[in-house]
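Colleague: I am new to this structure and would like to learn how to read it step by step. Could you take me through it, beginning with a single contact and working outwards?

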Amino acid sequence: MNAENPTHLTLTKKTHSCIRLEKDGRTLVIDPGGFSEQDAAVGADAILVTHEHVDHFDEGRLRAGLEADPAVEVWTLRSVAERLSAAFPGRVHTVGHGDAFTAAGFDVQVHGELHAVIHPDIPRITNIGFLVDGSVFHPGDALTVPDRPVDTLMLPVMAPWNKISEVIDYVREVGPRRAIDIHDALLTDLARPIYDNQIGGLGGADHGRLAPGDSTGL
């Protein structure tokens with residue numbers, strides 16, 4: 001992937017499930033969690049959070065982003081919004097499946113309602129995915145299939161709640177032009193070639209990954 005590819009939308013991968021999208025000089029950050037960089041939310045014009053788990057939502061990181069710029073706003077589900085709204089009145093918006101909004105110039109649609117099953121004995125929490133500019137879909141911790149085409153799928157490649165056959169079938173069902181790995185902090189370098197070969201060979205879409213800090217044009 002070539003970071004110098006001229007495009008109106010640039011994706012920068014941060015550690016684990018955090019990504020930054022840039023367009024027209026504005027920045028949207030999704031899921032600056034506890035596994036991502038300390039400054040993952042700093043410099044954002046808008047922040048989206050898919051759910052409350054610590055590897056996707058870290059209150060300290062979000063506060064750093066919100067405090068760095070009084071114009072920054074957050075869109076998320078209720079369980080996260082309740083932890084931020086009192087400290088940042090009017091800047092934290094609760095959204096759910098079927099909602100659509102504009103954040104820092106990005107058009108966002110919300111898809112999905114529940115986190116994937118980790119184990120039947122563990123109650124499922126809420127989880128939402130975000131389709132940005134009708135192009136990039138970040139599902140959070142679920143294998144949600146949007147009801148519309150997806151160009152770039154952010155693919156949760158390795159998690160306690162999935163296995164590689166499900167990941168491959170998810171790529172097939174969504175049918176994106178390309179899939180880029182997220183949720184990969186638990187995947188060792190030894191295993192990456194196996195995942196690359198199997199997802200790339202069987203998923204039916206261009207499959208790639210970015211190291212934290214790397215960018216690509218979309």
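Modeller: Let us start from one pair of side chains, keeping in mind that this is a predicted model. The side chains of T50 and D31 are joined by a polar contact of 2.7 Å.

Colleague: Where does T50 lie, and is T50 buried or exposed?

Modeller: T50 is found in the loop between β4 and α1, and with a relative accessible area of 0% this residue is buried. Once neighbours within four places in sequence are set aside, the residues in contact with T50 include I30, D31, L77, N127 and F130, and H56 is also among them.

Colleague: What can be said about the place of H56, and which residues is H56 in contact with?

Modeller: H56 also has its place in the loop between β4 and α1, and H56 counts as buried at 0% relative accessibility. Its side chain makes a polar contact of 3.4 Å with the side chain of D55. Beyond its neighbours within four places in sequence, H56 is in contact with S17, D31, P32, G33, V49, T50, H51, G140, D141 and H183, so D31 appears in the contacts of H56 as well as in those of T50.

Colleague: How far apart are L66 and H56 in sequence and in space?

Modeller: They are 10 residues apart in sequence and 16 Å apart in space, taken from C-alpha to C-alpha. L66 belongs to helix α1, which covers residues 59–68, and L66 is buried, its relative accessible area being 1%. Not counting residues up to four places away in sequence, L66 touches V72, V74, F88 and R91.

Colleague: How should I read a group of buried nonpolar residues?

Modeller: The general idea is that, in soluble globular proteins, nonpolar side chains tend to be buried together. In this structure the largest nonpolar core has 43 residues, and L21, F101 and F130 are those with the most contacts inside it. Strand β4, residues 46–49, supplies the largest share of this core, with 4 residues. There is also a second, separate core of 18 residues, which includes I164, I168, V174 and A191.

Colleague: And how should I read pairs of charged side chains?

Modeller: Side chains of opposite charge can pair when their charged atoms come close. A search of the whole structure finds 12 salt bridges. One of them is formed by K23 and D133, whose closest N and O atoms are 2.8 Å apart. K23 lies in strand β2 and D133 in the loop between β9 and β10, so this pair ties together parts that are 110 residues apart in sequence. K23 counts as buried at 13% relative accessibility, whereas D133 is partly exposed at 23%.

Colleague: Which salt bridge does R63 form, and where do its partners lie in helix α1?

Modeller: R63 forms a salt bridge with E59, the closest N and O atoms being 3.1 Å apart, and because the two are 4 residues apart in helix α1, about one helical turn separates them. R63 counts as partly exposed at 27% relative accessibility, and E59 likewise counts as partly exposed at 24%. In helix α3, residues 164–174, R172 and D169 are 3 residues apart, about one turn of the helix, and their side chains meet in a salt bridge of 4.0 Å, N to O. Salt bridges that share partners also join K13, D184, D189 and R192 into one network.

Colleague: How do I step back to the whole chain?

Modeller: The chain has 4 helices and 14 strands. Its radius of gyration is 16 Å, close to the 17 Å that the globule rule gives for 218 residues, so the chain is as compact as a globular protein of that length. Along the principal axes its C-alpha trace spans about 50 × 50 × 35 Å, and 52% of the 218 residues count as buried. Among contacts between residues at least 6 apart in sequence, 55% join residues at least 24 apart.

Colleague: Where should I be careful with the model?

Modeller: Where pLDDT is low, the predicted coordinates should not be read in detail. Here the mean pLDDT of the chain is 95, and 97% of its residues reach 70 or more. Over residues 1–7, however, pLDDT stays under 50, and for these residues the model has 13 contacts beyond four places in sequence.

Methods
Residues numbered from 1 in each chain as written. Predicted model: local features only at pLDDT ≥ 70, side-chain atom pairs only at ≥ 80, totals over all residues. Heavy atoms only, no water. pLDDT = per-residue confidence, 0-100. Contact = heavy atoms within 4.5 Å. Core = buried A, V, L, I, M, F, W, Y, C linked by side-chain atoms within 4.5 Å. Buried < 20%, exposed > 50% of the residue type's maximum accessible area, 1.4 Å probe, protein only. Polar contact = N/O pair within 3.5 Å; in protein donor to acceptor, adjacent residues only side chain to side chain. Rg over C-alpha atoms; globule rule 2.2 N^0.38 Å.
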